[in-house]
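Work through the exercises below with the sequence and the model side by side, trying each task before reading its solution.

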Amino acid sequence: MPLARVVSFDGVDSGRMAEMQREMEGGERPDDVPAKEIVVLHDPEAEKSLVILFFENEDDYRRGDEALNAMPAGDTPGQRTSVAKYQVAVRMTE
């Protein structure tokens, strides 16, 4: 069953989010983060962000989780406030 890693951040201003968007769109996904999809949500008024990474299996999740936990704090959108692991029960796309 697919898994999702859901991470919340505080202190994410619009300038930082625009910078992250440019970096993500212009770069390649790291090999040590084998996510099939990455979704970044941003609430500019509250300066909060949610990052959702979808993984196909437990091994991919573990590899990605280890790599992301080792990231320097300056590479994240803001101050990480939580990390949660979910099974993807239903997923619909257009």
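**Exercise 1: the largest pocket**

The lining of the largest pocket takes at least two residues from each of β1 (3-10), α1, β2, β3 and α2 (58-69), where helices (H or I, at least four residues) and strands (E, at least two) are DSSP runs numbered from the N terminus. This is a predicted model, in which local features need pLDDT of at least 70 and side-chain atom pairs count only at pLDDT 80 or more, while totals for chains, interfaces and linings use all residues. Residues are numbered from 1 along each chain as its sequence is written, and side-chain values use heavy atoms, with hydrogens and water left out.

Task: find which element gives the most to the lining of the largest pocket.

Solution: Start with the space itself, which is about 750 Å³ in the largest pocket. Of the 30 residues that line the largest pocket, Met 20, Met 24, Leu 68, Met 71 and Asp 75 are the closest to its centre. The element that gives the most is α1, with 4 residues.

**Exercise 2: the two sides of a helix**

Task: check the length of helix α1 (residues 14-26), and then decide which of its residues are buried (under 20% relative accessible area) and which are exposed (over 50%), with a 1.4 Å probe and protein chains only.

Solution: First, the expected span is 1.5 Å times one less than the number of residues; for the 13 residues of α1 this should be 18 Å, and the end C-alpha atoms are 18 Å apart, which agrees. Next, Arg 16, Met 17 and Met 20 are buried in α1. They lie on the same side of α1, because they cover an arc of only 95 degrees around the axis, the arc being that of the directions from the helix axis to the C-beta atoms. On the other side of α1, Arg 22, Glu 25 and Gly 26 are exposed. Finally, β2 (37-43) and β3 (48-55) are among what covers the buried residues of α1.

**Exercise 3: a serine in a strand**

Task: is Ser 49 buried or exposed, and which residues does Ser 49 touch?

Solution: Ser 49 is found in strand β3, and with a relative accessible area of 3% Ser 49 is buried. Leaving aside residues up to four places away in sequence, Ser 49 touches several residues, including Val 7, Phe 9, Met 17 and Val 40, where contact means heavy atoms within 4.5 Å. The side chain of Ser 49 also reaches the backbone oxygen of Leu 41 at 2.8 Å.

Note on methods
1 Å grid on protein atoms, 1.4 Å probe; cavity = no way out; pocket = protein on both sides within 12 Å on 5 of 7 lines; lining within 4 Å. Points joined across faces, edges and corners; volume = space filled by probe spheres on them. Polar contact = N/O pair within 3.5 Å; in protein donor to acceptor, adjacent residues only side chain to side chain.
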